[in-house]
Each structure stands twice: as C-alpha cells, then as structure tokens.
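Here are a few exercises to work through with the model open in your viewer. Try each one before you read its solution.

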Amino acid sequence: MDQGECITLSDGRALEVATFGDPSMPTVLFHHGTPGSSRTIRLIWPLLERDEFFFVTTSRAGYGRSSRDAGRNIASVVADVRAALGQLGREEYVTLGWSGGGPHALACAALDAPRCRGAVVLAGVVPTDVDVDWTEGMGPENVVELALALEGGPAFEAAIAAAGGPLADATAKNVVELMGGLLSGPDQAVLLDDGLRGHFADATAYGFKEGWRGFYDDNVAIFAPWGFDSTAITEPVDVFFGDQDLMVPPAHGHWLAEHLSTATAHHYPDEGHLSIYINHFDEIAAALAAMFASSKVVRGPA
C-alpha cells in the first residue's frame with residue numbers, strides 16, 4: 001500500500017491512504033503540509049527506514065486522489081483518520097504533523113484521545129485568533145495570502161486558483177523558484193539535495209492532481225475556527241520550530257510551547273521550515289518513541 005490506495009468513506013468520498021514500514025510496529029499517523037499529499041511523507045525517509053514505526057498517511061480531502069470535503073474545518077480530519085486506521089486494523093497511534101499538518105495533528109490529540117497518544121508538531125501554525133502577530137517574520141507570499149484569506153470571497157479564491165497552476169507543475173528544476181521568498185538559507189541548503197528536492201516537488205504537484213480546491217479548503221480551515229481548543233489537550237505534544245523559518249515564524253512555536261500544558265519545546269535557532277526536520281530526525285524519532293513508551297504501546301497488530 002506504500003504507493004497510496006483509495007478507500008471509500010461512509011459519506012461516499014474517496015480517501016487516499018499510504019503506509020510504510022513494518023505493520024508489527026507502533027503506528028505513526030503523518031499529516032502533510034499545505035499544500036501537499038500522501039507523497040509528502042517521502043521527505044521524512046530516514047524515519048521510514050527505521051525499524052521503530054509503522055507509518056500511515058493520507059492525502060487530505062481535496063488533495064491527490066482524495067475527494068473534496070467542502071466546508072471542512074481542522075477538526076474534520078479526525079473522522080478521516082479514524083476511517084483510515086480502521087481500514088488498516090490499527091488502534092492506538094501517535095500523530096506527526098508538519099507545517100499546515102500541525103493543526104491537524106493537534107486535532108487528533110485533542111479529539112481522538114486516548115486512542116491518539118500524543119502529537120509531534122514540526123513548524124506548525126497556531127490559530128489566527130490567538131495573541132500572536134501571525135505574519136511577523138513570514139515571507140511576502142504568506143503575508144499577502146493571509147490578508148486575502150481574512151478578506152475571503154472571490155479575490156481569495158482567485159488567488160489560490162492562480163497559485164495552484166504553477167504548483168501543479170512543480171519539478172525539481174523549478175520548485176525552489178516557485179517558493180519565492182519563503183525559503184530561508186537553511187531551507188535552500190537542504191534543497192540542494194537532488195533527491196529531497198525531487199520528492200518535495202513531486203509531493204507538491206501531486207497534491208493538485210484533481211485541482212486546487214484542496215489547497216483552498218486547507219487555507220480556509222486554517223484561518224477559520226479550528227473546531228477544538230488546542231490548549232485543552234491532555235496528551236503530550238512535542239513542538240519543533242526554528243528561528244529561520246519564513247513560512248511559520250518562531251512566534252508560532254513559542255505560543256504552542258507556552259500555552260499547551262503538555263508541550264515540550266524543541267527550539268533550534270539556526271533551522272528553517274524544512275531543515276527543522278531534515279537535520280533532526282534522531283530527535284523526532286526519540287519524541288515519537290517516548291510517547292509510545294509512556295503509554296505502554298509497544299507494537300501494532302501482527
């Protein structure tokens with residue numbers, strides 16, 4: 001199933017699900033960024049190659065081959081996660097979310113506990129209604145996008161549609177240029193690796209296989225009420241963030257670390273949006289393993 005297969009949900013939607021690793025090991029549910037797809041998980045290949053975890057990921061609604069779920073909020077992902085894990089016969093799990101996947105990982109920790117034993121958030125954003133200057137330190141593209149998102153309406157829809165065209169054509173040759181002012185020095189450095197850059201471009205382009213609506217819905221969900229209170233999470237949350245991140249500046253990570261009572265901060269001043277995980281796979285693996293150890297979940301089903 002590592003190439004991704006579609007399951008049919010109770011409402012008739014298709015959900016693309018992919019798995020990696022030894023099924024006898026504990027389950028980690030990975031949430032890709034915004035935009036992204038099930039193929040985004042290939043960016044964390046050193047974790048996939050370990051013998052410690054069984055990874056499950058999806059293309060969120062509207063991305064890849066997954067049907068759109070118009071009007072979804074962040075909390076909506078939990079039902080899709082339950083369906084994917086149920087199809088695979090998986091029970092307890094830890095969730096891992098990068099960038100726009102961070103809020104979706106938090107949703108699982110908030111709404112699917114104790115089945116969800118904790119969340120690891122890599123460069124994840126915070127809600128727009130908390131006391132954070134949301135765009136301070138962001139690249140110019142994200143600043144413009146937030147302004148349009150808060151305004152909403154046809155202008156925002158048109159902007160996402162316009163952005164979706166080039167992103168659907170992302171390749172290893174043009175993806176750095178497509179990211180414009182959103183890549184800091186550390187992120188540009190890790191994308192010098194041909195394999196990583198190729199995976200990044202492929203995962204991005206594949207997210208637009210059926211159009212740009214998944215990207216639009218993701219943005220609407222992030223900038224609207226999430227459907228749960230992240231500060232009420234009782235399961236452990238590990239927050240990884242860097243000061244050189246032009247997509248999700250460090251203020252977001254600081255807020256999560258300070259306002260989630262179960263949070264453990266992993267703050268790296270020299271890291272960016274991609275380098276925060278590319279350079280710290282050992283620490284991420286340790287955080288995931290600690291959550292399983294503390295919950296006494298050792299292995300998945302045979």
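**Exercise 1.** Which helices and strands do the buried residues of H10 pack against?

Keep in mind that this is a predicted model. Start by picking out the residues: helix H10 covers 250-259, and its buried residues are Pro250, His252, Gly253, Trp255 and Leu256. Next, look at what they pack against. There is one helix, H3 (101-111), plus strands E6 (116-122), E7 (237-242) and E8 (263-268).

**Exercise 2.** Work out how many disulfides there are, then check Cys6 and Cys116.

A pair of cysteine sulfur atoms has to lie within 2.5 Å to count. By that rule, the tally is 0 disulfides. Take Cys6: the nearest cysteine sulfur belongs to Cys108 and sits 19 Å away, so with the 2.5 Å cut-off Cys6 is in no disulfide. Cys6 is partly exposed, because its relative accessibility is 36%. Now Cys116: the nearest cysteine sulfur is again that of Cys108, here 5.5 Å away, and Cys116 is in no disulfide either. With 0% relative accessibility, Cys116 is buried.

**Exercise 3.** Find which residues touch the most other members of the largest nonpolar core, then follow up on Tyr277.

The core holds 92 residues, and the ones touching the most other members are Ile44, Phe55, Leu96 and Tyr277. As for where the core's residues come from, helix H12 (residues 281-295) gives the largest share, with 7. Finally, zoom in on Tyr277. Skip its neighbours within four places in sequence, and you're left with contacts to Leu43, Ile44, Trp98, Leu122 and Ile284.

Note on methods. Residues numbered from 1 in each chain as written. Predicted model: local features only at pLDDT ≥ 70, side-chain atom pairs only at ≥ 80, totals over all residues. Heavy atoms only, no water. Buried < 20%, exposed > 50% of the residue type's maximum accessible area, 1.4 Å probe, protein only. Helix = DSSP H or I, 4+ residues; strand = E, 2+ residues; numbered from the N terminus. Contact = heavy atoms within 4.5 Å. Core = buried A, V, L, I, M, F, W, Y, C linked by side-chain atoms within 4.5 Å.
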